[in-house]
Amino acid sequence: NTGNWNTGDSNTGNSNTGDWNTGDRNTGDKNTGDCNTGDWNTGNGNTGDFHSGGLNHGEAPIYLFNKTTKVPRADIPWDLINKLSSLLQKDDPIDPTPFLSIPNATVNTIKALHDAHIAARKGNP
């Protein structure tokens, strides 16, 4: 732990309870920011899990292809998301078919995302 009055492991900041928190007065694990309660929050004043931003509560919705999804976090095909993420780092064409089971995925959304990655690598976001 770095800082003062921390309980848990690998905390940075002050008055954190839990593990791997960065910031001050976090309760839970893997929070970044200040005054978060829950796990995996980024920002300030969140309660619940997986929030980015501030003053949120409950469990954060999952955004895929710029849209929210109501699919439970445990049912998201993270292996497909990871595989598609790796392919997006290359300029080679992507066959979207294996990834259409990802919520909100369409041939057009996958192509648009790939085009955006290519443009960003070329400095044209």
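Biologist: How many salt bridges does this structure have, and what makes a pair of residues count as one?

Modeller: The count comes to three salt bridges, in a model that is predicted. A pair qualifies when a side-chain nitrogen of Lys or Arg lies within 4 Å of a carboxyl oxygen of Asp or Glu. In general terms, side chains of opposite charge can pair when their charged atoms come close.

Biologist: Why is the contact between Glu59 and Arg73 called a salt bridge?

Modeller: The N to O distance between the side chains of Glu59 and Arg73 is 3.0 Å, and the cut-off is 4 Å, so the pair meets the criterion. The two partners come from distant parts of the chain, 14 residues apart, with Glu59 in the loop between strand 2 (47-49) and strand 3 and Arg73 in the loop between strand 4 (67-69) and helix 1.

Biologist: What makes Asp91 and Arg121 a salt bridge, and where in the chain do these two residues lie?

Modeller: The closest N and O atoms of Asp91 and Arg121 are 2.6 Å apart, which is within the 4 Å limit, and the pair therefore counts as a salt bridge. This pair also links distant parts of the chain, since Asp91 is in the loop between helix 1 and helix 2 (107-121), whereas Arg121 is in helix 2, 30 residues apart.

Biologist: Are Asp91 and Arg121 buried, partly exposed or exposed, and how do you know?

Modeller: Asp91 has a relative accessibility of 47% and Arg121 one of 37%. Partly exposed covers the range between 20% and 50%, so Asp91 is partly exposed, and so is Arg121.

Biologist: What sets the bridge between Lys111 and Asp115 in its place along the chain, and how do you know that it is a salt bridge?

Modeller: Lys111 and Asp115 both lie in helix 2, four residues apart, which is about one turn of the helix. Their closest N and O atoms are 3.1 Å apart, and with a limit of 4 Å the pair is therefore counted. Lys111 has a relative accessible area of 51%, over the 50% mark, so the residue is called exposed, whereas Asp115, at 37%, is partly exposed.

Biologist: Why does Asp19 have no salt bridge?

Modeller: Asp19 is buried, and the nearest side chain of opposite charge, Lys30, is 6.9 Å away; a salt bridge requires 4 Å or less, so the criterion is not met. Asp19 is placed in the segment before strand 1 (37-39). Leaving aside neighbours within four places in sequence, Asp19 is in contact with Gly8, Asp9, Asn11, Gly28, Asp29 and Lys30.

Biologist: What makes a group of residues a nonpolar core, and which residues have the most contacts inside the largest one?

Modeller: The term asks for buried residues of kinds such as Leu, Ile and Phe, joined through side-chain atoms within 4.5 Å. The largest such core has 13 residues, and those with the most contacts inside it are Leu64, Phe65, Leu84, Ile94, Phe99, Ile102 and Ile110. Strand 3 (62-64) and helix 1 (78-87) each supply at least two residues of this core, and helix 1 gives the most, with three residues. Beyond residues up to four places away in sequence, Leu64 touches Thr69, Ile76, Ile81, Ile102, Pro103 and Asn104.

Biologist: How are the helices and strands ordered along the sequence, and how do you know whether the protein is a compact globule or more spread out?

Modeller: There are two helices and four strands, following the pattern β-β-β-β-α-α. The radius of gyration is 18 Å, well over the 14 Å that the globule rule gives for 125 residues, so the protein is more spread out than a compact globule. The C-alpha atoms fill a box of roughly 50 × 35 × 25 Å along the principal axes. Buried residues make up 30% of the 125 residues, and among contacts between residues at least 6 apart in sequence, 15% join residues at least 24 apart.

Biologist: What makes Gly3 partly exposed, and how far apart in space are Gly3 and Leu88?

Modeller: Gly3, found in the segment before strand 1, has a relative accessibility of 45%, which lies between 20% and 50%, and is therefore partly exposed. Gly3 and Leu88 are 39 Å apart, C-alpha to C-alpha, and 85 residues apart in sequence. Leaving aside neighbours within four places in sequence, Gly3 is in contact with Gly13 and Asn14.

Biologist: Why is Lys83 called exposed?

Modeller: Lys83, which lies in helix 1, has a relative accessible area of 51%, and exposed means over 50%, so the label applies.

Note on methods: Residues are numbered from 1 along each chain as its sequence is written. This is a predicted model: local features need pLDDT of at least 70, side-chain atom pairs count only at pLDDT 80 or more; totals for chains, interfaces and linings use all residues. Side-chain values use heavy atoms; hydrogens and water are left out. Buried means under 20% relative accessible area, exposed over 50%, partly exposed in between (1.4 Å probe, protein chains only). Contact means heavy atoms within 4.5 Å. Lys and Arg count as positive and Asp and Glu as negative; His and the chain ends are not counted. The radius of gyration is taken over C-alpha atoms; the globule rule is 2.2 Å times the number of residues to the power 0.38.
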